[in-house]
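Colleague: I have a chain to look at with you. Please walk me through how its parts meet.

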Amino acid sequence: MHPLNPAFTATFAPPVMEARRWLEGVTFPPERPLINVSQAAPVDPPPEGLRRAIAEAALHRPEAHLYGPVLGNGDLRAVVAAQFSGAYGGAVDAGRVAITQGCNQAFCAAMATLAGPGDQVILPTPWYFNHKMWLDMAGVQAVPLPCGPDLLPDPEQARALITPATKAIVLVTPNNPSGAEYPAGLVGRFYDLAQGQGLALVVDETYRDFDSREGAPHDLLARPDWDRTLIQLYSFSKAYRLTGHRVGAMVAGTGRMAQVEKFLDTVAISPSQLGQIGALWGMENLQDWLAAERAEILSRRAATRAALIALPGWRLKSTGAYFAWVEHPFEESSADLARRMVGQIGVLALPGTMFTPQGDPVGARHLRLAFANVDRPGIAELAGRLTALAP
């Protein structure tokens with residue numbers, strides 16, 4: 001075999017792709033179709049107006065098929081800056097915004113500018129598995145910060161994990177996989193910790209459009225010199241159903257942007273033109289539609305909470321954004337249980353072991369249920385099937 005980078009072979013296979021392979025050879029009768037709560041991605045296309053904007057651009061704008069600026073189109077960067085300034089009560093200009101090929105790439109770009117082989121980054125657990133995978137492949141040590149029973153990380157516990165090799169702390173809020181919404185005061189304490197220790201605080205807000213709280217979820221962008229500490233990430237995929245077009249964003253200091261540009265130029269050169277055109281149209285025209293989408297997701301969250309709390313033996317730990325984090329009542333590991341659920345009850349979910357360090361008992365006891373693509377009757381059916389699951 002040709003040589004392989006050991007940092008790549010040391011990390012795990014993409015979890016969602018692994019879970020999809022569990023479906024191979026399994027048939028689902030019409031009266032009990034598969035309930036797929038494994039992936040946190042919209043299954044419907046964008047609204048017609050946004051699709052028309054993309055189609056018109058594809059037909060009539062020659063530049064939509066060419067390379068664009070590496071850090072993204074100026075018009076989209078400006079709108080992101082304006083909307084973030086308004087939403088967070090801070091001052092963000094277009095020079096502090098980069099558009100990326102999805103939020104995952106924004107995370108990779110941020111990490112590439114922060115840490116290299118032998119460095120450390122603190123990740124609360126349960127963590128988002130792609131964050132862990134990237135750090136593994138970059139030779140960066142992911143230092144687990146176990147969350148408490150409320151699924152919130154503790155800044156003082158994080159402080160105890162800091163070493164001379166630590167470069168950053170990562171927060172995801174609303175959280176993937178738990179759905180937990182981090183209180184503004186907690187996020188502020190992590191910012192103070194990072195600032196005081198000379199670290200970066202990376203805040204991934206992929207699901208911020210579905211936060212149940214009104215107003216700004218934190219005040220970090222309104223703080224003096226925020227761009228010396230904060231790197232904020234965002235995704236257009238969930239809000240505007242643009243998953244296939246791969247459009248994300250990073251908000252950070254201009255000095256860092258010069259380094260981010262180097263990374264992006266060598267990976268994708270420039271973000272998708274059609275995706276950026278769609279994202280811009282969405283930000284300028286779909287705010288009322290997005291508010292209705294948020295209301296629907298919050299309604300499904302409430303239905304999920306009511307259904308899961310009533311399940312005998314199961315314990316709902318947290319819900320929010322697209323996710324419910326639940327403790328199952330069986331002796332077996334969630335890694336085995338999740339596979340068994342496919343054939344026995346026609347449910348595809350991800351085991352907690354995909355979101356925790358190897359051997360962590362928390363992962364073995366929990367499942368992530370991504371309920372956003374399941375309507376209220378489907379949520380009731382899901383609860384019924386979980387109730388029927390045999391030991």
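The talk below is about two domains and the contact between them.

Modeller: This is a predicted model, where local features need pLDDT of at least 70, side-chain atom pairs count only at pLDDT 80 or more, and totals for chains, interfaces and linings use all residues. Residues are numbered from 1 along each chain as its sequence is written, and side-chain values use heavy atoms, with hydrogens and water left out.

Colleague: What makes domain 1 and domain 2 domains?

Modeller: Domain bounds come from an automatic or database domain assignment. Here that assignment gives 6-45 + 289-388 as domain 1 and 48-285 as domain 2. Their centres, over C-alpha atoms, lie 25 Å apart.

Colleague: How many residues does the contact take from each domain?

Modeller: Contact means heavy atoms within 4.5 Å. Domain 1 gives 34 residues and domain 2 gives 32.

Colleague: What is the area buried between domain 1 and domain 2?

Modeller: Buried area is the accessible area (1.4 Å probe) that two parts lose on being put together, summed over both. For this pair the figure is about 3000 Å², with 66% from carbon and sulfur atoms. On the domain 1 side, Leu 290, Arg 294 and Phe 355 lose the most area to domain 2, together 20% of what that side buries.

Colleague: Why is the pair Glu 181 and Arg 301 called a salt bridge?

Modeller: The term needs a side-chain nitrogen of Lys or Arg within 4 Å of a carboxyl oxygen of Asp or Glu. The closest N and O atoms of Glu 181 and Arg 301 are 3.5 Å apart, so the pair qualifies. Between domain 1 and domain 2 the count is three salt bridges.
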